Structure formats: structure tokens, C-alpha cells
Amino acid sequence: MTRTVYVLNGPNLNLLGKRQPEIYGRDTLEDVAAECKRVAAEFGLESDLRQSNYEGQIVDWIHEAREKAAGIIINPAALTHTSVAVLDALHTFEGPVLEVHISNVHKRESFRHHSYVSLRAEGVIAGFGVEGYALAMRRMGSLLK
Ligand code: DQA
């Protein structure tokens, strides 16, 4: 049984640390990857963080996760609010799914208040900055015990 957790990130998150730092902070996705690995190890898990600007790539990674991952932590970024394809892909995955948003999407524009992905997620973290990923990994550790 795999102990790998996929940490999937959607469009524009490759620019984390540079893009709108007043909203998303100054930590980079490499920093997030290192923190996820550190927390995952506490639970005997492996963290595999990936980012793509392409919806189809995120869908393909979710399909891959069906065989290769025990759980998925996903920040779908803008795809959160638009993508039935990502939601449908997540419905094909049998393990736990946790949704993370760095910013508090509920404090922002109304188009960010709706998430397709939340229909599949066991839990959602929003507005905890990049610390949300580590919190989600801790929760994943409990869910996969
Ligand atoms: C985000 C929030 C989304 O609304 C936005 O499109 C993002 C990042 C967040 O992490 O706060 O790109 O998912």
C-alpha cells in the first residue's frame, strides 16, 4: 500500500513568492514542498508536490494518483471555481482529498466563494497562508492512520 500523498497545485502557483505577495506571501512553492515533506515524514508518509498551469495535466495527475497515492492535497487555484473536469477526476480517486487555499477566498471576490472541488473534499483550509499545506498534511496523517 502506497504511503505517498500528492500535493497538487494549479495555475499561477509556480509564481508563489513573487505573485501578489500581499495576498499569497513570500514563501515559494519549493519552501512549501520542503515543509510538506517534513510534516509527511512525521506520519511515515511521502509528499510529492507538483504544479501545473494546465487543467488536463492536473486531471492526468489525479488519474495517476488512483494507483500511486494514498491521499491528495490540492490547491486547484483558479480551477477551483471553474473546473468540473477536476471535480470529476477527484471523484475517480478513492482516498482522502483535502482542499487548500492560501488566501481566505471567502473574504475576496464573490466568484471565489464557490468551489467545485469542495463537493469532493473531506476538508477545506483557507486563509492560513502557506501554513495551510502543513496543516492539511497533518490532517492527512490522521486520516491515513
Ligand atoms: C487560491 C485562491 C484562488 O481563488 C486563486 O485563483 C488562486 C489561489 C489560494 O490559494 O488562495 O490562484 O487557490
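**Close-up views of the ligand pocket**

**View 1. The largest pocket has a volume of about 150 Å³.** Of its 15 lining residues, Tyr24, Ala77, Ala78, Arg108 and Arg112 are the closest to the centre. The lining divides into seven nonpolar, five polar and three charged residues. The model is a predicted one.

**View 2. The ligand sits in the largest pocket.** Its surroundings are Arg19, Tyr24, Asn75, Ala77, Ala78, His81, His101, Ile102, Ser103, Val105 and Arg112. By class, this shell holds five nonpolar, four polar and two charged residues. Tyr24, Ala77, Ala78 and Arg112 belong to the shell around the ligand, and these four are also among the residues closest to the pocket centre.

**View 3. Side chains of Asn75 and His81 approach ligand oxygen atoms.** For Asn75, a polar side-chain atom lies 2.8 Å from an oxygen atom of the ligand. For His81, the distance from a polar side-chain atom to a ligand oxygen atom is 2.7 Å. Both pairs fall within the 3.5 Å cut-off for a polar contact.

**View 4. The backbone of Ile102 also faces a ligand oxygen atom.** Here a polar backbone atom of Ile102 is 2.7 Å from an oxygen atom of the ligand. On its own, the ligand has 320 Å² of accessible area, and the protein covers 99% of that area.

Conventions
Residues are numbered from 1 along each chain as its sequence is written. This is a predicted model: local features need pLDDT of at least 70, side-chain atom pairs count only at pLDDT 80 or more; totals for chains, interfaces and linings use all residues. Side-chain values use heavy atoms; hydrogens and water are left out. A residue is near a molecule or strand if one of its heavy atoms lies within 4 Å of it. A polar contact is a pair of N or O atoms within 3.5 Å; within protein, one must be able to donate a hydrogen and the other to accept it, and residues adjacent in sequence count only if both atoms are side-chain atoms. Accessible areas come from the Shrake-Rupley method with a 1.4 Å probe; for residues, only the protein chains shown count as cover. On a 1 Å grid over the protein atoms alone, a cavity is a set of points where a 1.4 Å probe fits but cannot get out, and a pocket is an open set with protein on both sides within 12 Å along at least five of seven lines; lining residues have an atom within 4 Å of a point. A molecule sits in a cavity or pocket if more than half of its atoms lie within 2 Å of its grid points. Ala, Val, Leu, Ile, Met, Phe, Trp, Tyr, Cys and Pro count as nonpolar, Asp, Glu, Lys and Arg as charged, and the others, Gly among them, as polar. Grid points are joined across faces, edges and corners, and a volume is the space filled by probe spheres set on the points.
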